[in-house]
Amino acid sequence: MATMIGSGLSNQTGAAIGSHAFPVLGPIGVVAVRQYVAAIVLLAVGRPRLRSFTWWQWRPVVGLAVVFGTMNLSLYTAIDRIGLGLAVTLEFLGPLCIALATSRRRADACCALVAAAAAVTLMRPRPSADYLGMGLGLLAAVCWASYILLNRTVGRRVPGAQGSAVAAGLSALMFLPVGIAVAVHQPPTASAVAYAVTAGVLSSAVPYLADLFTLRRVPAQAFGLFMSVNPVLAALVGWVGLGQNLGWTEWTSIGAIVAANTLSILTRRG
């Protein structure tokens with residue numbers, strides 16, 4: 001439990017710290033650094049043997065690399081526009097939809113309706129609504145859902161963590177020109193780079209290693225149940241660390257989405 005809590009807090013705290021580098025590097029610069037850190041960690045852990053890869057294996061790996069980069073870029077840009085709590089909540093709709101779509105139970109259909117109603121409430125028309133930011137949050141959700149499906153395919157076709165490691169490396173290569181362009185256009189400050197690297201460590205390296213450790217000892221359903229708390233953790237970190245206050249409507253919607261996922265998992269146990 002402590003490892004799972006630490007992983008969730010590390011992920012959301014990393015995103016909050018990375019947002020401090022937005023004024024200098026922009027979301028795209030922070031994501032580029034995050035991709036570099038993720039690649040270093042995953043390549044060290046996975047130790048892929050590239051010469052043994054076949055085209056049948058390369059196809060989902062390349063797709064995973066594209067989705068990995070797009071997911072992080074859309075999420076961090078959404079965080080910059082609508083705040084950490086709302087962005088992560090919208091992103092969480094991706095894996096929630098995957099879980100509910102694969103079920104034919106009435107309880108899951110009810111959970112899907114609750115989650116959909118909460119999402120509509122979060123995105124309701126109002127003068128201060130940032131629809132581009134919300135759209136990017138939903139794009140992150142689509143990418144996370146695609147990430148889950150592609151990871152399953154990669155896991156079946158490539159042994160160990162080699163596929164994920166290569167995908168992270170390819171994603172980092174895709175962002176290499178971006179990082180160079182950002183550095184040339186606006187030379188980064190030492191503090192901005194430190195914020196971005198910290199975000200990469202806390203949001204990529206620590207959660208990956210922690211989840212790898214946790215999944216060996218905790219049932220998948222219990223792990224999924226805890227993962228549903230991430231939107232709440234993000235909202236709390238955004239509130240405490242960044243001063244991003246949410247109204248009661250937003251908190252209620254976040255709670256409803258978390259409750260829908262929790263109910264779906266708990267009833268599935270029975």
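Helices here are DSSP runs of H or I, at least four residues long, numbered from the N terminus. The model in all of these views is a predicted one.

**View A. Serine 204 meets arginine 34.** Let's start inside helix H8, which is where serine 204 sits. H8 covers residues 190-215. Serine 204 is tucked away: with a relative accessible area of 9%, it counts as buried. Its side chain has a partner, though, making a polar contact of 3.0 Å with the side chain of arginine 34.

**View B. Threonine 189, in the loop before H8.** Step back to the loop between H7 and H8 and you'll find threonine 189. Is this residue buried or partly exposed? Threonine 189 has a relative accessibility of 36%, so it goes down as partly exposed. Two contacts are worth picking out here. One is a polar contact of 3.2 Å between the side chains of threonine 189 and serine 191. The other involves the backbone nitrogen of alanine 192, which lies 3.2 Å from a polar atom of the threonine 189 side chain. Now look for valine 24: its C-alpha is 7.5 Å from that of threonine 189, although 165 residues separate the two in sequence.

**View C. A nonpolar patch with leucine 176.** Four residues, Leu173, Leu176, Ile180 and Val184, make a nonpolar surface patch of about 400 Å². Take leucine 176 as a way in: this residue belongs to helix H7, residues 162-185. Leucine 176 comes out as partly exposed, at 41% relative accessibility.

**View D. Arginine 81 pairs with aspartate 130.** Side chains of opposite charge can pair when their charged atoms come close. How many salt bridges does the model hold? The count is 2, and this view shows the one between arginine 81 and aspartate 130, with the closest N and O atoms 3.1 Å apart. Arginine 81 is in helix H3, while aspartate 130 is in the loop between helix H5 (106-122) and helix H6 (131-157), so the bridge ties together parts that are 49 residues apart in sequence. The two ends sit in unlike surroundings: arginine 81 is partly exposed at 40% relative accessible area, whereas aspartate 130, at 19%, counts as buried. That last call rests on the cut-off, since buried means under 20%.

**View E. Glutamate 250 pairs with arginine 124.** Here is another salt bridge, between glutamate 250 and arginine 124, whose closest N and O atoms are 3.4 Å apart. Which parts of the chain does this pair tie together? Glutamate 250 lies in helix H11 (residues 248-269) and arginine 124 in the loop between H5 and H6, so the link joins parts 126 residues apart in sequence. Glutamate 250 is buried, with 9% relative accessible area, and arginine 124 is partly exposed at 27%.

**View F. Helix H3 and the residues at either side.** Does the length of H3 fit or miss what its 28 residues should span? Helix H3 runs over residues 55-82, and at 1.5 Å a residue should span 40 Å; the C-alpha atoms at its ends are 40 Å apart, so the two agree. Just after H3 comes glycine 83, with a positive phi near 95 degrees. Ahead of H3, in the loop that connects it to helix H2 (22-46), is arginine 47. Most residues other than glycine have a negative phi. Arginine 47 isn't a glycine, yet its phi is positive, at about 45 degrees. Arginine 47 is also exposed, with a relative accessible area of 68%.

**View G. Valine 30, out of sight in H2.** Valine 30 lies in helix H2 and is buried, at 0% relative accessibility. If you go hunting for threonine 121, its C-alpha is 30 Å from that of valine 30, and the two are 91 residues apart along the chain.

**View H. Cysteines without disulfides.** A disulfide is a covalent bond between the sulfur atoms of two cysteines. This model has 0 of them. Cysteine 97 is in no disulfide, and its nearest cysteine sulfur, in cysteine 111, is 12 Å away. Why is cysteine 110 not bonded to cysteine 111? Cysteine 111 holds the closest cysteine sulfur to that of cysteine 110, but at 7.0 Å it is too far for a bond; the cut-off is 2.5 Å. As for exposure, cysteine 97 is partly exposed at 48% relative accessible area, and cysteine 110 is partly exposed at 48%.

Note on methods: Residues are numbered from 1 along each chain as its sequence is written. This is a predicted model: local features need pLDDT of at least 70, side-chain atom pairs count only at pLDDT 80 or more; totals for chains, interfaces and linings use all residues. Side-chain values use heavy atoms; hydrogens and water are left out. Buried means under 20% relative accessible area, exposed over 50%, partly exposed in between (1.4 Å probe, protein chains only). Patches are made of residues with over 30% relative accessible area and no salt bridge: like charges are joined within 9 Å, nonpolar side chains (Val, Leu, Ile, Met, Phe, Trp, Tyr) within 5 Å. Accessible areas come from the Shrake-Rupley method with a 1.4 Å probe; for residues, only the protein chains shown count as cover. A salt bridge is a side-chain nitrogen of Lys or Arg within 4 Å of a carboxyl oxygen of Asp or Glu. Helices (H or I, at least four residues) and strands (E, at least two) are DSSP runs, numbered from the N terminus. The expected span of a helix is 1.5 Å times one less than its number of residues. A polar contact is a pair of N or O atoms within 3.5 Å; within protein, one must be able to donate a hydrogen and the other to accept it, and residues adjacent in sequence count only if both atoms are side-chain atoms.
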